[in-house]
Amino acid sequence: MAELRPIKVSIFTVLVISALVSMSECAKKPASVVRKEDIPFIKCQVCEKLAAQLHHQVEKKRAEIQPKKISEYQIIEITENVCNLKKAEADWILLIDIVEQGDKLQLVEQESEGQCNSECKTIERACQEVLGYSDTDVAEYLYKSKPDIGSFVNYLCKDLTTVCSIKPPPVPKDRTPGEVFVPKSSKEAEMEKILKSMEGMPGAPGMKMYSRDDLMNMKNFGGEDGEEEDDDDDEAQFPSKLGKALRDRESTKSDLKQKITHGIVKTKDTLKKHANKVSNWLRQRWRGLKKAASKKSTKAGKAEL
C-alpha cells in the first residue's frame, strides 16, 4: 500500500475536528427555516418572556458587580444580545418548546436546552421584532426607573409596544406541526457555551463543526488541483486511512479535550490581562492630561492678576 501522502493538513487538525465532532455529537442537519406564519400566535408570550429575561439578567449583573453600580452601557449590552442566539444572553430561547394546544400555540419551558431548529429560530425572530430598534430605550428605562418585573412587562409589551394589547388570532386547523423538542447532550451544550464565549475574541479561531460524513465527502481535502491524477490511489484509500487515524486517537480524546479547554481559558485570561493593562494606561494618561491642564489654567490665572 502506498503511504498516505501529506494532504496539507496535519494529523493534529484532523484530531481536533474529530474531537469537536465527538464532543458535540454533531450530525449534518438541514438549515433551519423561520416559520414567520407562527409569529403572530406567539409574539405576546415571547414579549413577556423577553421582559422577564431582561429584568432577571440585569438584576443578576447588578448583584455580580456589587458594591459597584451597574452602568447603562452594561444594560445596553444585555438588551442588544438577548435576542441573538449567537450570544449567551439568548440561551433562554433554547429552553422553549412551541406546543399546539387547541387553537393556540403555547411556549412551554423545558428543563434543559434543546437543539435549535425552526422553532428556536422562530422565537428568535419574534424576539427581534418585539425589541426592534428600541433596545436603547429599554436599557434607559431599566437603568433609570429600576422597575419591578410586573411594571416592566407592562412597559415593554403594552406601552412601548402593543404586542399584548391585541388578542392573538386562532391557529389554523391545517397548520403543519412543529418539530419535536430534542434536548442537547451535556457535551454539546458545553462546547457551544465555549464557542459562544470565544465569539469576537481577537485571534480566536473560527471553529466550525463537521460530521464524519462531511470529512469523507470533501474532495481534494487540502490537496492541489494539479496533483489530481497522481493522487487517485491515495484518494481512494484516504477514507479507510482517515478512519484508522480516527480510531487510533480514541485513547487520547479526553487529553485533547483538556488541552483545547485549557488553551481557550489561557487565551481568555491573556486577553483580559492585556485589556486591563491598556485600561490602566489610558486612565493614568488621562489623569496626567487633566493635571497638566489644571496647572496651565492656574498659571494663566496668576499671570492675569
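The legends below describe close-up views of a predicted model of one protein.

**Figure 1. Overview of the predicted chain and its helices and strands.** The secondary structure of the protein comprises ten helices and two strands, and, when these elements are read along the sequence, they follow the pattern α-α-α-β-β-α-α-α-α-α-α-α. The protein has 305 residues, and buried residues make up 33% of them. The exposed surface of the protein comes to about 19800 Å², with carbon and sulfur atoms supplying 53% of that area. If one takes the contacts between residues at least 6 apart in sequence, 75% of them join residues that are at least 24 apart.

**Figure 2. The largest nonpolar core, to which several helices and both numbered strands E1 and E2 contribute.** This core has 42 residues, and the residues with the most contacts inside it are Ile42, Leu50, Leu54, Ile123 and Leu156. At least two residues of the core are supplied by each of the following elements: helix H2 (39–64), helix H3 (72–81), strand E1 (96–101), strand E2 (104–109), helix H4 (118–131), helix H5 (135–145) and helix H6 (149–160). Among these contributions, the largest share comes from H2, which gives nine residues.

**Figure 3. Leucine 54 and its contacts with residues elsewhere in the sequence.** Leu54 is one of the residues with the most contacts inside the largest nonpolar core. When its neighbours within four places in sequence are left aside, leucine 54 is in contact with Ile78, Thr79, Val82, Val138, Leu142, Phe152 and Leu156. Of these partners, Leu156 is also listed among the core residues with the most contacts.

**Figure 4. The largest cavity and the residues that line it.** Two cavities of 30 Å³ or more are counted in the model, and the largest of them holds about 90 Å³ of space. Its lining consists of 14 residues, of which Ile96, Gln115, Glu119, Cys120 and Phe181 are the closest to the centre of the cavity. The elements E1 and H4 give two or more residues to this lining. Sorted by class, the lining of the largest cavity has eight nonpolar, three polar and three charged residues.

**Figure 5. The second largest cavity, with H2 giving the most to its lining.** This cavity contains about 40 Å³ of space, and the residues lining it are His55, Val58, Glu59, Arg62, Leu142, Lys146 and Pro147. Four residues of the lining come from H2. By class, the residues around the second largest cavity are three nonpolar, one polar and three charged. Leu142, which appears in this lining, is also a contact partner of leucine 54.

**Figure 6. The second largest pocket and its lining residues.** The volume of this pocket is about 780 Å³. It is lined by 22 residues, and those lying nearest its centre are Gln57, Lys61, Asn81, Ala88 and Glu89. H2, H3 and helix H7 (186–198) are the elements that give two or more residues to the lining, and H2 gives the most, with six residues. The lining of the second largest pocket divides into four nonpolar, six polar and twelve charged residues.

**Figure 7. Lysine 184, a buried residue in the loop between H6 and H7.** Lysine 184 counts as buried because its relative accessibility is 11%, and the cut-off for a buried residue is under 20%. Not counting residues up to four places away in sequence, lysine 184 touches Leu94, Glu113, Gly114, Gln115, Ala189 and Glu192. One of these partners, Gln115, is also among the residues closest to the centre of the largest cavity.

Terms used:
Residues numbered from 1 in each chain as written. Predicted model: local features only at pLDDT ≥ 70, side-chain atom pairs only at ≥ 80, totals over all residues. Heavy atoms only, no water. Core = buried A, V, L, I, M, F, W, Y, C linked by side-chain atoms within 4.5 Å. Buried < 20%, exposed > 50% of the residue type's maximum accessible area, 1.4 Å probe, protein only. Contact = heavy atoms within 4.5 Å. 1 Å grid on protein atoms, 1.4 Å probe; cavity = no way out; pocket = protein on both sides within 12 Å on 5 of 7 lines; lining within 4 Å. Points joined across faces, edges and corners; volume = space filled by probe spheres on them. Nonpolar A, V, L, I, M, F, W, Y, C, P; charged D, E, K, R; others polar. Areas by Shrake-Rupley, 256 points an atom, 1.4 Å probe, with all protein chains shown as cover.
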